[in-house]
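Q: Got a minute to walk through a structure with me? I'd like to go over a few helices and side chains.

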Amino acid sequence: MKKEDIFNLSQEKHTVKNSRQYVVTPFLPEKLKPLIDIAYNIWWVWNSEAVELFRRMDRDLWEESYHNPVRMLGQISQDRLHELARDNSFLSHLERIRKELKKYLEHDTWFHKEFPDHKNCTIAYFSTEFGIHESVPIYSGGLGILSGDHLKSASDMGLPMVGVGLLFRYGYFKQYLNFDGWQQEEYIESHFSRMPLQRIREADGSQKKIVIELDSKKIHARLWKLQVGRIPLHLLDTDIDENKPEDREISGKLYGGDRDMRIRQELVLGIGGIKMLKALGIEPNVIHINEGHSAFLSFERIRMLMEENKLSFEEAKEVVKGSCVFTTHTPVPAGNEVFAADLIEKYVSPLYKKMGLSSDEFMSLGRINPKDDKENFCLTVLALKTSNFANGVSKLHGTISRNMWKEIWPEIPRSEIPITHITNGVHPHTWISYEMAGLFDRYIGTDWREEPADHSLWDSIEQIPDSELWRSHERRRERLVSFARNRLKAQLLRRGASPNEIHDADQVLDPEALTIGFARRFAGYKRGNLLFRDMDRLKALLTNREKPVQVIIAGKSHPADNIGKEVIKSIIHLTRDPELRHKVVFIEDYDMNVAHYIVQGADVWLNNPRRPAEASGTSGMKAAVNGVLNVSVLDGWWCEGYNGQNGWKIGSGEEYTDHEYQDEIESKAIYDIFEKDIVPMFYNRGTDGLPRDWIGKMKTIMRSICPVFNTNRMIEEYTRKFYGVAYTANERLRANNFEHARRLVEWQKSLVKNWGNIKVVSVEDDLSGDVILGNNFNVKASVKLGGVQPDSVKVELYWGYLDSKRRMSMPIVETMQLKGSSGDTHSYEGQIKSDRVGHCGYVIRVLPQVEGKALYVPGLIVWS
């Protein structure tokens with residue numbers, strides 16, 4: 001019998017249709033019962049002392065349970081539990097953690113101090129994946145990790161937030177490679193009762209469920225909760241007996257299945273998520289749509305407002321828009337979720353018909369060009385059209401997004417497209433090593449834990465003695481090498497490698513050598529094999545006896561991405577080269593646990609995407625928190641993070657159309673950086689054996705990156721820019737039986753009806769020849785408003801540089817003042833400041849406005 005057949009037999013299951021179901025929970029001695037409350041609040045993930053509490057119960061079982069305290073408590077022997085109940089040291093540790101959790105949950109927070117008038121605020125954060133911890137595998141990569149870090153910092157800062165997602169039975173796949181290095185995918189069933197998940201129950205003790213109607217069918221979903229500090233993450237699960245087999249699969253695999261499965265997943269997430277909140281008695285007044293997957297939620301909210309409050313579709317849409325925040329994470333059009341009209345008709349037509357919409361009216365909400373009946377339905381477009389607040393996830397990505405979606409607002413200048421940016425961050429407590437956190441506590445104080453965005457704290461990084469910082473980092477590198485060796489042995493054993501090969505795994509890597517970390521999704525644009533382009537130069541780097549270099553690689557390719565799989569395969573083949581066998585290791589099944597080891601133990605973090613395809617990227621931020629130096633293309637967050645002293649840049653922000661040429665140029669740049677800068681600096685040791693210049697650079701990257709690229713700063717930006725404003729807008733729109741919402745729609749109808757009558761009749765200025773820098777000149781405009789009231793428009797001067805084709809750049813906008821009226825014609829005046837030298841020009845434009853704020857509405861703009 002083959003080994004894989006034995007494995008399959010061990011996993012064999014037999015369906016017993018009429019079995020009665022029950023859940024067995026751990027029995028703990030009275031003194032140990034606080035462990036239950038701690039285990040079921042994922043807060044312990046970012047509290048190293050809480051993690052140590054579970055680890056000391058049974059270190060081997062902690063690893064075997066993959067750091068899952070609920071599973072461990074269910075497997076640990078009763079003898080060991082009684083032994084711990086008599087261990088005064090353990091009981092003191094337990095009491096300390098119990099008090100710490102209680103204090104965390106009860107003490108005053110940033111949000112309550114900064115927004116005391118927002119007591120009734122509730123923010124619902126929707127995401128298709130959440131990377132909270134490796135023991136809850138409902139994430140695939142960066143989007144999920146960001147969502148998890150978002151909730152963690154929101155908890156730390158006391159935001160009144162709830163998370164909403166799907167509870168995937170099989171999550172994302174487990175990766176393993178066959179003997180040829182080809183990626184294989186294995187889906188492991190999660191047992192929810194063995195995870196830190198809580199069933200949400202009805203008064204009679206049964207598990208609470210909701211019903212979602214799709215394609216004339218009723219989909220039933222169970223409700224679960226994962227407690228993330230102060231914040232509940234509510235999750236939907238369709239894998240229950242009431243559903244047909246194909247509907248049970250809706251919450252089966254993350255990013256699995258065909259287009260039909262994907263639209264059903266996203267309808268359950270969006271529409272079902274809103275229904276779930278309703279069933280729980282939660283009425284959010286701010287909704288955050290994290291990526292477009294959940295954008296269908298807007299229609300369910302509109303439907304509810306229409307049915308419960310007797311609003312028209314347009315009135316309900318204004319209420320929804322005013323309270324919706326949308327974050328896009330995709331820098332290329334192909335990455336956005338798009339569905340053909342037949343799928344929309346199949347699954348969504350009952351919903352839009354209830355709202356009184358025709359097929360064309362509904363489809364137009366998901367089309368860039370509402371009149372193009374050949375254009376498919378895009379969830380990103382839907383989210384943009386039903387949200388008053390939208391952002392990309394880095395400064396560069398904000399620019400890319402405005403350019404990508406400019407045709408939704410065809411007459412608005414690109415720089416004013418209503419998509420801003422809030423750069424991503426990471427949750428420092430989740431990603432920092434235990435040793436580094438201890439150094440921070442000792443030398444910069446513990447305030448960094450509460451206020452990581454306080455720049456003044458991080459100047460004290462310089463107080464950490466070089467010797468202590470280096471010893472700490474060397475221990476982390478040794479731990480990474482040990483972890484990599486153990487994983488490699490397990491991988492080789494599974495592939496059927498010879499005993500000699502498995503034994504040789506103990507010799508791979510050098511715990512004292514310069515270590516490059518490269519771990520990320522293996523998508524084509526991330527160029528996972530760029531480092532291997534010139535094997536002669538790479539071998540010269542890696543095999544230098546006096547200054548050795550080594551590479552640790554990890555990452556998954558999407559199951560349908562054969563190009564990514566080929567890249568992984570090529571790397572595996574290269575690692576079999578006798579000269580590289582001990583120098584390059586690929587760790588299979590990249591997840592949060594693997595990421596912790598690499599971002600904490602590498603010396604250099606390599607990132608070489610094709611600019612501008614990286615929306616943000618956060619792995620380099622996690623590495624930087626641990627003093628790991630970044631070498632990266634100037635893309636995503638590194639455009640903002642790099643300051644010339646805190647790492648290295650690959651190129652200078654160039655963008656290429658010839659990818660072969662780009663790879664040649666940028667691979668050479670990588671080799672140059674390592675040969676001329678990184679390797680000499682790392683091995684330049686003083687008489688005490690310390691690489692002082694390298695350590696100085698470690699301190700520089702921590703001092704510059706830690707206070708900026710953290711999720712506390714990110715959450716504060718979201719709260720001040722979006723959440724607080726959306727809450728206030730929502731309260732106003734709903735006040736007095738939605739009086740303001742109704743008036744707003746009536747105003748918009750009148751505006752649209754009369755907008756075509758607006759005309760800039762004449763423009764005059766007092767220019768006489770060239771203008772001397774610093775001198776100003778006056779401009780007058782006569783504007784016929786055609787029945788639109790003057791307080792409903794904003795007349796603006798728009799000026800900047802002009803090129804030979806009359807295209808304007810670096811524009812400045814100045815509001816013109818109403819100076820007089822004659823019937824329906826109104827006189828406006830303004831002044832242009834000559835603040836630049838060169839060929840310039842100006843125009844007059846008219847926009848709608850509400851209470852002094854210009855509105856960017858497709859089709860509602862007039863230029864002179």
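A: Sure, here is a short chat about some helices and residues.

A: This is a predicted model, where local features need pLDDT of at least 70, side-chain atom pairs count only at pLDDT 80 or more, and totals for chains, interfaces and linings use all residues. Residues are numbered from 1 along each chain as its sequence is written, and side-chain values use heavy atoms, with hydrogens and water left out.

Q: Which residues of helix α3 are buried?

A: In α3 (residues 48-57), they are Ala50, Val51, Leu53, Phe54 and Met57. Helices here are DSSP runs of H or I, at least four residues, numbered from the N terminus. Buried means under 20% relative accessible area with a 1.4 Å probe, protein chains only.

Q: How do they sit around the axis of α3?

A: They fall within an arc of 150° seen down the axis, so they line one face of the helix. The arc is taken from the directions from the helix axis to the C-beta atoms.

Q: And what covers them?

A: The cover includes α2 (34-39), α4 (59-64), α5 (69-75), α6 (78-85) and α7 (88-106). Contact means heavy atoms within 4.5 Å.

Q: What happens at the start of α3?

A: There, a side-chain oxygen of Asn47 comes to within 3.1 Å of the backbone nitrogen of Glu49.

Q: Switching topic: where is Ser155, and is it buried or exposed?

A: Ser155 is in helix α9 (residues 142-156), and Ser155 is buried at 0% relative accessibility.

Q: What does Ser155 touch?

A: Leaving out neighbours within four places in sequence, Ser155 contacts Trp46, Tyr104, Val228, Gly229, Arg230 and Ile231.

Key: Buried means under 20% relative accessible area, exposed over 50%, partly exposed in between (1.4 Å probe, protein chains only). Helices (H or I, at least four residues) and strands (E, at least two) are DSSP runs, numbered from the N terminus. A polar contact is a pair of N or O atoms within 3.5 Å; within protein, one must be able to donate a hydrogen and the other to accept it, and residues adjacent in sequence count only if both atoms are side-chain atoms.
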